[in-house]
Amino acid sequence: MVRVTDFAEAKRRGRKLKMLTAYDYPTARILDAAGIDAILVGDSLGMVVLGYEDTTRVTLEDMLHHTRAVVRGARRAMVIADMPFLSYHLGVYESVRAAGRLVQEGGCKAVKLEGGMEVLRSVRAIRAAGIPVMGHLGYTPQSVHLFGGHRAQGRTLESARQIVRSALALQEAGVFALVLELVPHRLATWLSQRLDIPTIGIGSGPGCDGQVLVTQDMLGLFPDFNPRHVRKYQDLHGLCLEAVRNYARDVESGAFPTAEHSFSLDEGVLEALEKEF
Ligand code: KIV
């Protein structure tokens, strides 16, 4: 079972941490079997599973429902649940309560939340309740409307400074790891060397201490979504489409099902039914 202490150990030894997202039991089983260190129940759930435009529509109840499914499928990997929009913006009490529910009812081992200076009080309070917290800086999807789109962050000196200050403050507040999303790779590498905690990059280059991707993106489930930071390891959309078309063709032609897909009947049953009805 992977624990927060293994994250620190990986950083010390220079072992890259591998994280992917999952929102259901079968995917969690696959990631776990493949030796992924941490499974993030990301609020990307909103887009890749629930069909919303962004993550702001995802609720705590949605996160609890999917976290429970993922936890049932993960034996070794550490399950981390995203705190959804508005679950940690309304004060420390609400933040601890939401994080506590994700652990107590969802069964995850840690939570992740987005933001820098503005979330420090929540990070400290959640941690004080005994819950490990992962930070998330750079492009933070819950602020998509503020950023005006899916954009790299930290490219100018002032914006890079803000990321560095926030990262140091989050480390000081006790986060055990930090996601860096769409941060220029030289800045992400420099910051990863400067921090004691591991950084987990997404679109932030190879110098981070670990990597994360949305599983549906790296498996090619959405043919029209081709962001620069994703490598597609499979064309799941194409494979599934072909399989479903084959099924439809076989049902139409009568090639499926055959006798081998059904069950035998005891001798004499049909004859008895004929007489009775
Ligand atoms: O919600 C999510 O999937 C995430 C990752 C992309 C880091 O936050």
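Here are a few questions and answers about the domains and pockets of this predicted model.

Local features here need pLDDT of at least 70 and side-chain atom pairs count only at pLDDT 80 or more, while totals for chains, interfaces and linings use all residues. Residues are numbered from 1 along each chain as its sequence is written, and side-chain values use heavy atoms, with hydrogens and water left out.

Q: How far apart do the C-alpha centres of domain 1 and domain 2 lie?
A: Domain 1 covers 4–234 and domain 2 covers 239–276, with bounds from an automatic or database domain assignment. Their C-alpha centres are apart by 46 Å.

Q: Which residues lie nearest the centre of the largest pocket?
A: A pocket is an open set of points on a 1 Å grid over the protein atoms alone, where a 1.4 Å probe fits, with protein on both sides within 12 Å along at least five of seven lines; lining residues have an atom within 4 Å of a point. The largest one is lined by 29 residues, and nearest its centre are I202, G203, S204, G205 and H229.

Q: Which strands each supply at least two residues of the largest pocket's lining?
A: Strands are DSSP runs (E, at least two residues), numbered from the N terminus. Those that fit are β1 (17–21), β7 (199–202) and β8 (210–213).

Q: What is the volume of the second largest pocket?
A: Grid points are joined across faces, edges and corners, and a volume is the space filled by probe spheres set on the points. For the largest pocket that gives about 660 Å³; for the second largest, the value is about 560 Å³.

Methods: Helix = DSSP H or I, 4+ residues; strand = E, 2+ residues; numbered from the N terminus.
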